[in-house]
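This report describes how strands and helices are arranged in one chain of a predicted model. Please keep the structure in view while reading.

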Amino acid sequence: MKIAPEKRTVTIRIESNLEDVALVGAVARMLASRLSLAEADIGDIELAVSEAVNNAILHAYRDEPGHLVEVKFTQQEDELTIDVCDQGRPMTNFEPTAFGYDSADPLRLPERGMGLFIIGEIMDEAVYRSSRAKNVLTMTRRIKPRRVAP
Amino acid sequence: MQIEEKKLGNLLVVTILDKRLDASVAYEFKSQMETFISRGDRLILLDISQVDFIDSSGLGAIVSSLKRLSGRGDILISGAREAVMRLFKLTRMNKVFRMFESENDAIAALS
């Protein structure tokens, strides 16, 4: 008999309140910790999820309270997928890799726009979809098995 | 957010006492730094040794403070933990700010 690979799904919903992003980050950290990931990878996932939820609150909802942000974590075989969903203003330009500046020119340093870049750097995939008044940023991180010393 | 400040000669040491410098406190932090700069503090050592987590908004607030100095001062950073240093490296901000392992290291480098 073939045993279906284990799939675990956890969904957390918060209101569009920046103070509650830490709760989602804590859930991300807790779930990532159960995947035998290195501490640096766990921190990466917490950061990427926090950036995505910040984006939903600050940009999709323009920092207005009372809106819903739903974050769904799906662990399946060798990957962790995180969907961050909102029903606010859709992003018109999703370019997670577009980020550059001259570090020698302090007056032109970027203060914003780093979130998507960070997500693009940290996650193996980041796909943004918007349809029927729902926006979903799907981020995937592959889980490499830890090497065990012989 | 909780911040501690102390003056060592012309150096202002600002210690963040919170565990997080994130989007929920970035504006407050930026305002506090602007107050320091407006009253004439031009050389600031930001001690983040107690901070576990910084997101891009928190980092943006630090960058904004540096820009507020308009090239007539500097912000140094000490005590960045591994996860926080990762953010600085990802965004190359470790090339923008002079970073030290500890407050004492930073003070020694300045003297």
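Which residue in β2(B) is the bridge partner of L8(B)?

## The β1-β2 hairpin

The bridge partner of L8(B) is L11(B), and further along the ladder E5(B) is bridged to V14(B). These bridges belong to the antiparallel pairing of strand β1 (residues 3-8) of chain B with strand β2 (residues 11-16) of chain B, which extends over six bridges. Two residues lie between the strands of this hairpin, and G9(B) takes a positive phi near 65 degrees there.

## The sheet and the helix across it

Both strands belong to an open sheet of five strands with mixed pairing, ordered β1-β2-β4-β6-β7 in chain B. Because β1 and β7 (98-100) of chain B stand at the edges and have a single partner strand each, one side of each is left without a neighbour in the sheet. Neighbouring strands are turned against each other by 25 degrees on average, direction ignored.

Helix α4 (residues 103-110) of chain B lies across β1, β2, β4 (43-47), β6 (74-78) and β7 of chain B, and runs at about 160 degrees to β4(B).

## Packing of α1 against α2

In chain B, helix α1 (residues 26-38) packs on helix α2 (residues 56-68) at an angle of about 15 degrees, the axes being 9 Å apart. As this angle is under 35 degrees, α1(B) is roughly parallel to α2(B); their crossing is right-handed.

The residues of α1(B) in this contact include F29(B), M33(B) and I37(B), while A61(B), I62(B) and R68(B) are among those contributed by α2(B). By class, the contact residues divide into six nonpolar, five polar and three charged.

Key:
Residues numbered from 1 in each chain as written. Chains lettered and ligands numbered in written order. Predicted model: local features only at pLDDT ≥ 70, side-chain atom pairs only at ≥ 80, totals over all residues. Heavy atoms only, no water. Axes fitted to C-alpha atoms, helices over the stretch in contact; angles between N-to-C directions. Helix = DSSP H or I, 4+ residues; strand = E, 2+ residues; numbered from the N terminus. Parallel < 35°, antiparallel > 145°, perpendicular 65-115°, else oblique. Left-handed = near helix turned anticlockwise from the far one by under 90°. Contact = heavy atoms within 4.5 Å. Nonpolar A, V, L, I, M, F, W, Y, C, P; charged D, E, K, R; others polar. Pairing = 2+ DSSP bridges.
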